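Biologist: Let's go through the charged pairs in this one. I'll ask how you know, and you show me the reasoning.

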Amino acid sequence: MADGRVGAARCAVLARALDEPLAGTSPVASRWVCVEHRGAWPRAVGSHADPSVAAFAARAEAGGWRLLLIRRPGRQCDDPDGPSRIYLTDTAPGTAHTTVLTVAGPAELADVTLPGPGESLPGAAVPDPLLLVCTHGRRDRCCALDGRALAMALTGVDELDVWECTHLGGHRFAPTALVLPTGYVYGRLDQAGAVAAYKAAASGEVETAMCRGRSTWTPAGQVAELAVRAATGLRDAEVLHVGHAPGGAIVTAQDGRRWSVDVAEVAGRPRPASCGDDPVPSRALRAAGMRRLA
């Protein structure tokens, strides 16, 4: 058993040794809202001690938004109630974009509008990508150790907009990170891989190495999209759309090409989902077949 004691095998170390597949493990969220928060992060954002933050978390979840608390690498600020930026992102291909608002403090979160599906995002347009590295130590120590080390290393790289963030899921893939506005999530990142993912996004492309999938799609859709990209070499982040199909997904390109991708579940060796968990049967998804439809 992997536990939280110093010296125990960490979940990320064990998962790396098992070479557990990354594809299809991204959290599913088509819209993200990221709130700059310099104070302590609880294990669950929805149970935050500040009622303003907790209420905003509940409203975001009810409206179909995935909420993250974010801060600049390097720990907390002395003024947790100071002005905060709020980034809102729609990851839909073809219209993926991020906007930003500023509030004076957590109490003003109640005044922030979270648009419904299809409604435009408030705030000023953000022209460059954001790279958010999970460093949520109260959820898992792999994110605290590996995530923070990566975030700090990236602060020395010019032209990267890097943030620490709360739980992205998949602690066992730490360091793990999210790129906005496209919503691609990565795992087992090193500095070079993180820079490649960011620079690809800045060019309107997607880096597929160490990619867990685009959060816009279901797990099966994430696997299908990455399989099509691997087969075709397509890198344009906005060129593919994924639709549901029994046993897999239909992937359609802007030029009219279409593929049917079968997705199967593969059982692996037991592994812990997080540090301190008992091992559970590993269930990974893989592309089991692909057919060109058009």
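Biologist: What makes Arg291 partly exposed in this predicted model?

Modeller: Its relative accessible area is 43%. Partly exposed runs between the 20% and 50% cut-offs, so that's the label Arg291 gets.

Biologist: And why is Asp262 called partly exposed?

Modeller: Asp262 comes out at 27%. That value also falls between 20% and 50%, so Asp262 is partly exposed.

Biologist: How do you know that Arg291 forms a salt bridge with Asp262?

Modeller: The closest N and O atoms of the two are 3.1 Å apart. The cut-off is 4 Å between a side-chain nitrogen of Lys or Arg and a carboxyl oxygen of Asp or Glu, so the pair qualifies.

Biologist: What makes it a polar contact between the side chains of Arg291 and Asp262 as well?

Modeller: The distance is 3.1 Å, and the polar limit is 3.5 Å, so the pair passes there too.

Biologist: Which parts does the Arg291 and Asp262 pair tie together?

Modeller: Arg291 lies in strand 14 (residues 280-292) and Asp262 in strand 13 (residues 258-271), so the pair ties together parts 29 residues apart in sequence. Their C-alpha atoms are separated by 8.6 Å. Leaving aside neighbours within four places in sequence, Arg291 is also in contact with Arg258, Trp259 and Ser260.

Biologist: Now Glu20 and Arg172: what makes that pair a salt bridge?

Modeller: The N to O distance between their side chains is 3.1 Å. That is within 4 Å, so the salt bridge counts. Glu20 sits in the loop between helix 1 (11-18) and strand 1 (31-36), and Arg172 in the loop between strand 7 (162-165) and strand 8 (177-180), so the pair ties together parts 152 residues apart in sequence.

Biologist: Are Glu20 and Arg172 buried or exposed?

Modeller: Glu20 has 4% relative accessibility and Arg172 has 12%. Buried means under 20%, so both get that label.

Biologist: Why do you call Asp90 and Arg31 a salt bridge?

Modeller: Their side chains meet at 3.2 Å, N to O, and the limit is 4 Å, so they make the list. Asp90 lies in strand 3 (residues 84-90) and Arg31 in strand 1, so this pair ties together parts 59 residues apart in sequence. Both Asp90 and Arg31 are buried.

Biologist: How many salt bridges does that rule give?

Modeller: The count comes to 12.

How values were computed: Residues numbered from 1 in each chain as written. Predicted model: local features only at pLDDT ≥ 70, side-chain atom pairs only at ≥ 80, totals over all residues. Heavy atoms only, no water. Helix = DSSP H or I, 4+ residues; strand = E, 2+ residues; numbered from the N terminus. Buried < 20%, exposed > 50% of the residue type's maximum accessible area, 1.4 Å probe, protein only. Contact = heavy atoms within 4.5 Å. Polar contact = N/O pair within 3.5 Å; in protein donor to acceptor, adjacent residues only side chain to side chain.
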